[in-house]
Number of protein chains: 2
Amino acid sequence: MADVAEKAGVSRALVSIIFRNQAGASQETRERVLRVADEIGYRPDSAARLLARGRSRTLGVMFTVQQTFHTDLITGIYPEAERLGYDVLLSGATHGRSEAKAVEALLSHRCEAVILLGPDAEPAFLDELGRRTVAVSVSRRVPRARVDFVHSAEGKGVRQAMDHLVELGHRRIVHIDGGRGPGSAERRRAYRAAMRRHGLQAQARVIPGHHTEESGIETGRLLLAERDGGRLLPTAVLAGNDRCAMGLLMALTRAGVEVPRDLSVVGYDDSHLSHLMPIGLTTVRQDALLMAEHAVRFAVERLEEREREPREAVLDPKLVVRGTTGPVPEGPGPA
Amino acid sequence: MADVAEKAGVSRALVSIIFRNQAGASQETRERVLRVADEIGYRPDSAARLLARGRSRTLGVMFTVQQTFHTDLITGIYPEAERLGYDVLLSGATHGRSEAKAVEALLSHRCEAVILLGPDAEPAFLDELGRRTVAVSVSRRVPRARVDFVHSAEGKGVRQAMDHLVELGHRRIVHIDGGRGPGSAERRRAYRAAMRRHGLQAQARVIPGHHTEESGIETGRLLLAERDGGRLLPTAVLAGNDRCAMGLLMALTRAGVEVPRDLSVVGYDDSHLSHLMPIGLTTVRQDALLMAEHAVRFAVERLEEREREPREAVLDPKLVVRGTTGPVPEGPGPA
DNA sequence: GCGCGCTACTAGCGCGCTCTAGTTCGAGTA
DNA sequence: TACTCGAACTAGAGCGCGCTAGTAGCGCGC
């Protein structure tokens with residue numbers, strides 16, 4: 001920068017002004033300085049810039065690698081952040097890299113706010129993070145933590161799915177839950193409520209699971225083993241999310257159970273996996289783009305108006321009926 | 001930092017030493033300082049640190065959101081980078097965010113090296129980037145660009161797949177290519193060579209495509225339309241990658257074509273999608289972990305020994321036979 | 001008693017930039 | 001002419017660290 005200033009015959013301050021596109025330099029000088037900078041190959045050092053101005057205008061996003069729904073969200077985060085003049089830094093949690101670590105990385109890179117996609121961390125961790133910086137949690141709601149929330153009305157989504165199944169004649173509807181996964185608790189609760197509302201509380205059954213394909217596969221195996229042991233298969237399964245539904249479908253189809261003839265399956269997310277299944281997965285759509293926009297806006301607004309209280313956005317999900325749900329099989333099911 | 005120093009009754013320099021895990025502080029002081037820092041919530045500012053020491057020890061990774069294989073790679077990049085003492089920053093290219101933009105973001109955050117996962121950019125762009133900084137390209141080889149390459153021996157992979165198909169009796173084997181996608185050119189070439197080697201050059205057919213599910217679906221539709229127009233379906237398809245294979249499977253299955261009874265399909269990547277298909281996708285495995293490790297190591301070694309010439313790692317892929325390939329159908333195929 | 005080497009610690013400059021509080025100068029105004 | 005004013009520009013402090021060159025204190029051998 002000093003080189004540029006010297007070579008252009010101006011002060012460093014003026015170079016700074018020009019590179020920040022600020023008023024206070026004549027058009028002529030501006031062009032000259034930019035030309036010189038280009039010759040030298042000068043690019044402002046964002047580290048120094050960041051240090052000097054105290055603000056990074058950077059949002060950190062923590063996500064779980066492999067969660068397809070997260071990539072949908074990220075796609076929406078970039079443009080909205082750019083629109084508001086913010087940079088985005090991504091940090092992935094993987095098997096060997098905890099969420100805490102991923103967040104730590106973001107923070108030490110001076111992200112002003114952190115957007116957590118489907119965080120799996122302790123409420124206390126979230127709350128502390130929320131006090132230390134501006135934080136937004138997407139998909140997971142943690143009641144008393146000091147963070148913004150963006151999630152969908154799980155209850156409504158599950159209700160739509162359940163109504164759809166009941167309307168098709170299903171009674172033995174099982175729910176594979178998502179364990180401690182984001183939204184799981186609400187979905188579980190809504191499933192139980194729906195069963196009750198339809199007078200099916202006696203048949204309600206929640207099988208513990210996770211938001212992974214593996215979990216779907218396992219549950220599929222479990223159900224098949226039970227069937228072989230004489231227990232009736234359910235006629236419909238409400239999976240914890242799409243990935244779980246995919247795993248289940250795989251296990252069942254492999255064993256000769258035909259979907260939706262023998263059994264109906266509903267997923268959750270409408271991650272872009274869903275339309276991939278040969279017959280298309282019936283699922284509950286969460287509008288990733290809208291959720292992403294809300295998350296970014298929440299973060300930025302709290303950043304620019306520091307005293308603002310955290311808010312909560314609850315978006316309405318929507319059942320998308322595709323090929324994995326159908327009328328209940330006629331017979332009482334295989335022996 | 002000054003606060004920590006004061007509160008712990010030491011100098012800032014000592015705090016610095018302790019946070020850098022350097023020798024020169026007693027165990028006792030070390031613990032006291034760390035305790036105080038924790039209380040205050042102090043965390044070293046990486047911008048300032050970076051500015052002061054001139055090195056960021058940060059690797060930038062550009063990837064394409066939605067490319068499942070990339071998330072497999074990222075999973076491998078983190079631990080290897082950490083092992084070598086480097087931080088990782090992720091920047092995604094999405095539909096509305098070009099690779100150039102994603103890379104620019106990394107550079108302006110002072111990444112010392114950039115690892116590009118399956119870059120789709122112009123050779124000239126890559127070369128220029130490689131001259132400006134240390135760059136590694138994974139999956140895509142660009143002959144004369146000044147960057148390291150890590151990719152798999154596409155030729156070997158394709159050859160294994162083709163041998164497998166021919167052994168099963170297939171003759172009408174079609175290849176959906178990946179357009180300008182990483183590895184596509186090599187795979188295309190290897191496909192043609194394999195057809196020739198098996199004396200099938202007359203039947204060789206490359207259908208232009210992309211590395212997306214949509215492309216697979218489209219090709220499926222195309223083949224079905226051709227069949228309805230009287231042309232024979234191929235008996236086997238070598239897809240450009242797993243996503244394309246998935247799309248193809250979806251389109252075919254939906255139309256009543258049974259895989260592998262009526263038609264065999266081979267993917268490429270063994271991204272973690274592959275084992276999800278009800279019958280499991282036969283595919284060519286690229287070892288993501290190993291590729292990730294190589295990429296990180298290449299970047300770091302060039303960083304630490306600046307005059308080093310860029311290198312190239314070619315890893316052997318391996319055919320994984322699952323459920324989408326089978327013996328050629330007996331008849332000449334449906335009318 | 002002296003120098004020696006060692007560990008534990010400190011003073012203070014400088015990294016490349018931004019920003020505040022200026023200065024300079026020429027045109028416009030009373 | 002004397003003044004004001006705004007546009008164009010500058011000096012220099014300071015952002016939060018790392019690092020070099022030191023000092024203080026202590027046990028050691030001779």
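In the predicted model, strand 1 (residues 58-64) and strand 2 (residues 87-93) of chain A run in the parallel sense and are paired over seven bridges. Within this pairing, Phe63(A) is placed opposite Gly92(A) of strand 2 of chain A. Strand 2 of chain A is mostly covered, with six of its seven residues buried.

Chain A also contains an open sheet of four strands, paired in parallel and arranged in the order 7-6-8-9. The edges are occupied by strand 7 (205-207) and strand 9 (264-266) of chain A, each of which has a single partner strand, so that one side of each is left without a neighbour in the sheet. When direction is ignored, neighbouring strands of this sheet are turned against each other by 25 degrees on average. Strand 6 (residues 173-176) and strand 8 (residues 236-238) of chain A run parallel and are joined by three bridges, and His175(A) is found opposite Leu238(A) of strand 8 of chain A. Helix 9 (residues 184-197) of chain A packs on this sheet, where it touches strand 6, strand 7 and strand 8 of chain A, and its direction makes about 170 degrees with that of strand 6 of chain A. Helix 10 (residues 213-228) of chain A likewise lies across strand 6, strand 7 and strand 8 of chain A, and runs at about 130 degrees to strand 7 of chain A.

In chain B, an open sheet of four strands with parallel pairing has the order 7-6-8-9. Its edge strands are strand 7 (205-207) and strand 9 (264-266) of chain B, each pairing on one side only, and the average turn between neighbouring strands of the sheet, direction ignored, is 25 degrees. Three bridges connect strand 8 (residues 236-238) of chain B with strand 9 of chain B in the parallel sense, and Val237(B) is located opposite Val265(B) of strand 9 of chain B. Helix 8 (residues 154-167) of chain B lies across strand 6 (173-176), strand 8 and strand 9 of chain B, and its direction is at about 175 degrees to strand 8 of chain B. Strand 6, strand 8 and strand 9 of chain B are also crossed by helix 11 (residues 242-254) of chain B, which runs at about 160 degrees to strand 9 of chain B.

Leu319(B) belongs to strand 12 (residues 318-320) of chain B. Because its relative accessibility is 15%, under the 20% limit, Leu319(B) counts as buried. Apart from neighbours within four places in sequence, the contacts of Leu319(B) are with Gln160(B), Ala161(B), His164(B), Val266(B), Thr282(B), Thr283(B) and Val284(B). The C-alpha atoms of Leu319(B) and Val158(B) are 8.5 Å apart in space, although 161 residues separate the two in sequence.

A helix pair in chain B was also examined. The axes of helix 5 (residues 68-83) and helix 12 (residues 288-304) of chain B come within 8 Å of each other and cross at roughly 50 degrees, which means that helix 5 of chain B is oblique to helix 12 of chain B. The crossing of these two helices of chain B is right-handed. On the side of helix 5 of chain B, the contact is formed by Phe69(B), Asp72(B), Leu73(B), Gly76(B), Ile77(B), Glu80(B), Ala81(B) and Arg83(B), while helix 12 of chain B contributes Ala288(B), Leu289(B), Met291(B), Ala292(B), Glu293(B), Val296(B) and Arg297(B). Classified by residue type, the contact between helix 5 and helix 12 of chain B comprises nine nonpolar, one polar and five charged residues.

Several backbone features lie in loops. In chain A, the peptide bond from Val259(A) to Pro260(A) is cis, with omega near 5 degrees, and Pro260(A) is situated in the loop between helix 11 (242-254) and strand 9 of chain A. In chain B, Val259(B) and Pro260(B) are joined by a cis peptide bond with omega of about 5 degrees, and Pro260(B) is in the loop between helix 11 and strand 9 of chain B.

Asn21(A), although not a glycine, has a positive phi of about 60 degrees. This residue, Asn21(A), is in the loop between helix 2 (12-19) and helix 3 (27-40) of chain A, and its relative accessibility of 68% makes Asn21(A) count as exposed. Ser139(B), also not a glycine, has a positive phi of about 80 degrees and is found in the loop between strand 4 (134-138) and strand 5 (148-152) of chain B. With a relative accessibility of 12%, Ser139(B) counts as buried.

Notes: Residues numbered from 1 in each chain as written. Chains lettered and ligands numbered in written order. Predicted model: local features only at pLDDT ≥ 70, side-chain atom pairs only at ≥ 80, totals over all residues. Heavy atoms only, no water. Axes fitted to C-alpha atoms, helices over the stretch in contact; angles between N-to-C directions. Parallel < 35°, antiparallel > 145°, perpendicular 65-115°, else oblique. Left-handed = near helix turned anticlockwise from the far one by under 90°. Contact = heavy atoms within 4.5 Å. Nonpolar A, V, L, I, M, F, W, Y, C, P; charged D, E, K, R; others polar. Pairing = 2+ DSSP bridges. Buried < 20%, exposed > 50% of the residue type's maximum accessible area, 1.4 Å probe, protein only.
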